[in-house]
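Subject: Structure for you to look at

Hello,

Here is the structure I said I would pass on. Please open it alongside this email; my notes follow below it.

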Amino acid sequence: MNRRDFLTSSVAGFALMPTLSAAETNESPSARRIYRMNRDWLFGGRKTADATAVNFDDSSFSKVTLPHSNVMLPWHSFDDRAYEHVSVYRRHFKVPKSAQGKRIFVDFEGAMTASTVAINGHKFEEFRGGYTPFSFDLTPHLNWTGDNVIAVELDSSERPDIPPFGGNIDYLTFGGIYREVSLRVVPNNHIENLFAEPQNVMSANRKVLVRCYLAGDGDGTVTVELRDGQRLVAKGSAQVSGKTALHEVTLSNLGDITLWSLTTPKLYDVVVKYGSDEHQTRIGFREARFTPKGFMLNGEHIKLRGLNRHQTFPYVGGAMPARAQWRDAYILKHDLKLNLVRTSHYPQSRHFLDACDQLGLLVLEEIPGWQHIGENAWQDLAVRNVGDMIRRDWNHPSIILWGVRINESQDNHNFYTRTNALARELDPSRQTGGIRYLYNSELLEDVFTMNDFDFPLQPPNHPLYLNTEFVGHKYSTKRFDQVERVAEHTLRHARIHDQLASNDGYSGGIGWCAFDYNTHGNFGSGDRICYHGVMDIFRLPKAAAGFYKSQCEPSEEIVLEPAFNWSSGDHSGAGGPGHVPICSNVEHIKLYIDGKLHTETEPDTKTFAHLKYAPAFIDLSDLPLDPWGDLKLEGYIGGKLVITKQYSGKGIDAQLLVEPDDERLRGDGSDVTRVLLRVADEYGNTQQFASGAVALTLEGPGELIGENPFGLVGGAGAVWIKTKAEAGTIRLTAKHQYLPPKKIEIEVSSAPAEAV
Ligand code: GAL
């Protein structure tokens with residue numbers, strides 16, 4: 001498959017990548033300041049005694065930038081015990097002048113898995129959990145004029161007292177402070193959190209109920225504004241007196257509001273002022289309901305077509321910054337044309353969720369866990385995870401369902417009564433689900449969310465029903481497997497979606513899974529990978545990706561994706577693989593060999609009666625050996641030629657391709673872009689039998705994340721380029737023994753220094 005054709009637009013949407021918020025610059029009149037604290041961490045590797053002490057000698061530690069993985073790993077076949085240990089991080093800083101007299105918190109967005117944080121030698125209680133944020137009030141422990149040091153002892157082992165651990169899990173968690181850290185400076189009376197809930201969205205009388213969670217002990221006024229960019233849409237206020245923590249303000253008379261939808265993911269800002277503090281959040285107006293007739297978004301029936309996503313990447317696990325998170329969301333929305341993603345099996349990066357909001361991709365988010373339920377204290381942590389997940393993410397319009405059960409666990413009436421009650425109390429606006437594999441399990445949630453790996457699927461046994469996993473381990477497939485396998489893998493996804501489309505009682509389905517992922521030795525293919533994705537671990541498409549892509553309207557994109565690889569010899573002639581699918585949204589396909597029309601085919605709407613765009617088939621066993629040569633596929637709609645694809649018949653590795661996702665990065669020390677390495681035919685299609693090593697030389701303000709030389713697998717693979725904290729030009733040269741070398745350049749712009 002030609003990856004360039006597949007990835008239609010490499011930059012659209014990335015203009016939306018996050019910029020600094022007002023609280024992170026000096027432009028805000030508010031007393032609140034967010035100081036990013038991602039650079040200049042000192043990493044000491046494995047824990048040493050006294051490493052949290054103020055005077056500990058950290059001069060031998062290495063300087064690292066967050067997000068950080070506690071070890072760099074090969075992309076497969078490694079020992080996961082390599083990251084399962086306690087490591088130490090230290091960060092020195094001075095309190096900024098503007099912070100004098102204020103409250104100072106440190107906010108960790110995610111560290112895997114149990115963090116003991118100390119400020120100037122004072123240890124806080126261990127935070128247990130690798131997927132949700134945590135904060136500590138540093139104020140009483142600070143040295144206001146001299147050096148301060150935050151030290152973290154981070155236990156990245158699989159501690160059985162912390163979800164998801166205690167049993168076996170089919171994925172790796174990796175280790176490190178793998179999300180961002182910041183200092184939050186606020187006045188004593190401040191806003192802790194905001195939950196802005198659009199109500200009556202489908203009527204002219206729509207409102208926003210803004211719940212302001214306040215801290216401090218003062219009286220005053222809380223004012224709330226709804227903004228569309230610079231335009232004030234509505235304003236309201238409430239008097240605050242005494243210590244009440246929650247104050248509600250309802251905004252009404254909103255005038256014209258653009259609803260948030262999959263095609264117009266319109267966002268509004270809610271800005272709240274309380275005394276000298278100001279805080280804001282983004283919301284979207286949409287009504288999202290699971291009903292007996294399927295899922296409705298703003299009253300419109302939408303058949304959910306999704307895939308599960310693990311948050312891990314090759315080499316570094318979860319430690320990837322905003323741009324990589326955005327890229328994944330972009331791939332799911334625009335390359336795979338999904339309308340839903342499940343963050344299996346835990347809350348994922350806020351950047352990923354922001355991207356889903358801005359790109360118009362629905363999300364099912366769930367608490368950490370996999371099959372195992374621990375004792376009471378473990379369950380208490382899982383209940384806390386429900387609260388932490390919802391309080392972090394309740395403003396994201398993309399999130400349509402909270403998963404409040406441990407994935408594929410047994411029934412546990414008391415435990416799941418608690419998780420559901422908490423979810424409903426915190427967020428009455430969303431339905432709950434909880435992913436199960438027992439068809440007859442107890443339903444305490446609103447939506448019966450079921451992993452049904454069978455075909456045909458079981459009928460919906462509850463009015464609100466969503467299939468949350470299928471295919472996966474039942475048909476593990478590598479990108480470069482032989483044609484019989486990749487074709488069948490594609491068809492298994494297609495058959496399930498065909499059945500889901502046959503009955504409104506199925507709200508839709510979320511296949512297992514989007515991307516291949518690292519796992520333990522007792523799962524997957526034995527090399528620490530589950531090859532269950534419709535894309536590989538580098539996010540390169542397998543044939544099954546073409547099925548998902550082909551389900552979009554031709555007005556969005558015309559798709560023609562054969563589930564075979566001509567340039568790699570999937571054309572064995574008589575006795576060959578027989579009928580194989582071409583996934584497409586065209587009406588008619590012509591197939592030429594060496595310029596001569598060989599056959600014509602149309603979507604198989606008999607076999608796939610319910611899919612809007614059924615795959616077409618051609619018989620690969622019925623190909624002439626004379627003439628032999630290049631394959632050309634033409635797609636027609638309304639008798640008009642709308643797409644042409646070409647594949648070489650020469651069987652020659654024609655070129656080395658080096659394809660960065662981005663040509664401009666930020667010099668902030670953590671920004672990254674993926675660089676695909678592929679050996680291709682003369683048309684750019686991956687030569688799946690190409691082998692050899694690609695030797696990489698990098699010059700300029702960046703470093704490589706990945707293996708060098710990179711040993712091609714199935715003719716392709718990827719590394720990432722990460723910036724240093726400086727501007728300049730990164731030049732990457734790639735050499736393959738037999739092919740002309742390639743050079744790419746990436747411009748790195750300067751990023752503001754961190755102020756603390
Ligand atoms: C499911 C499980 C997933 C994954 C999948 C593989 O049972 O929920 O996490 O292991 O199987 O197909």
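**Strand β23 and its partners**

V341 in β23 stands opposite V363 in β24. The two strands, β23 and β24, run parallel and are joined by four bridges. Between them the chain passes through α3, and this β-α-β crossover from β23 to β24 is right-handed. Before going further, please note that the model is a predicted one.

V341 also stands opposite L307, which brings in another strand. Strand β22, residues 304-308, pairs with β23 in the parallel sense over three bridges. Here too there is a right-handed β-α-β unit, made of β22, α2 and β23.

As for the side chains of β23, L340 and R342 point one way, while V341 and T343 point the other way. All four of these residues are buried.

**Helix α3**

Helix α3 covers residues 350-359, and eight of its ten residues are buried, so the helix is largely enclosed by the rest of the structure. The buried residues are H351, F352, L353, A355, C356, D357, Q358 and L359. Which elements cover them? Among them are the helices α2 (322-335) and α4 (376-393). The strands β18, β23 (340-343), β24 (362-366) and β25 (399-403) are also included in that cover.

Both ends of the helix have something to look at. At the N-terminal end, S349 acts as a cap, with a side-chain oxygen 3.0 Å from the backbone nitrogen of H351. Just after α3, G360 takes a positive phi of about 85°.

**Cysteines**

How many disulfides does a search of the whole structure find? The search finds zero. A disulfide is a covalent bond between the sulfur atoms of two cysteines, and the cut-off used for the sulfur pair is 2.5 Å.

Why is there no bond at C356? The closest cysteine sulfur to that of C356 is in C513, and at 16 Å it is too far for a bond. C356 is also buried, because its relative accessibility is 0%, against a limit of under 20%.

C513 gives a similar account. Its sulfur is 7.5 Å from the closest cysteine sulfur, which belongs to C530, and that is too far for a bond. With a relative accessibility of 2%, C513 counts as buried.

**Antiparallel strands elsewhere**

An open sheet is formed by four strands in the order β15-β14-β17-β18, with antiparallel pairing. β15 (231-240) and β18 (277-283) are at the edges, and each has a single partner strand, so one side of each is left without a neighbour in the sheet. From one strand to the next, the twist averages 15°.

Inside this sheet, β14 (residues 220-228) and β17 (residues 268-274) run antiparallel and are joined by six bridges. One residue to look up is T223, whose bridge partner in β17 is K273. β18 has already come up above, as part of what covers the buried residues of α3.

Strand β12, residues 190-199, is mostly covered, with eight of its ten residues buried. β12 runs antiparallel to strand β13 (residues 207-215), and nine bridges join the two. The bridge partner of Q199 in β13 is K207.

**Two buried loop residues**

N38 is in the loop between β1 (33-36) and β2 (41-46). Is N38 buried or exposed? At 8% relative accessibility, N38 counts as buried. The side chain of N38 reaches the backbone nitrogen of V181 at 3.0 Å. Leaving aside residues up to four places away in sequence, N38 touches V64, T65, L66, E180, V181 and E754.

S670 sits in the loop between β41 (664-667) and β42 (672-680). S670 is buried as well, with a relative accessible area of 11%. On the same terms, leaving out residues up to four places away in sequence, S670 touches T65, L66, P67, P321, K722 and T723. T65 and L66 appear in both contact lists, that of N38 and that of S670.

Regards

Note on methods: Residues numbered from 1 in each chain as written. Predicted model: local features only at pLDDT ≥ 70, side-chain atom pairs only at ≥ 80, totals over all residues. Heavy atoms only, no water. Buried < 20%, exposed > 50% of the residue type's maximum accessible area, 1.4 Å probe, protein only. Pairing = 2+ DSSP bridges. Axes fitted to C-alpha atoms, helices over the stretch in contact; angles between N-to-C directions. Contact = heavy atoms within 4.5 Å. Polar contact = N/O pair within 3.5 Å; in protein donor to acceptor, adjacent residues only side chain to side chain. Right-handed = clockwise from strand over helix to strand, strands pointing away.
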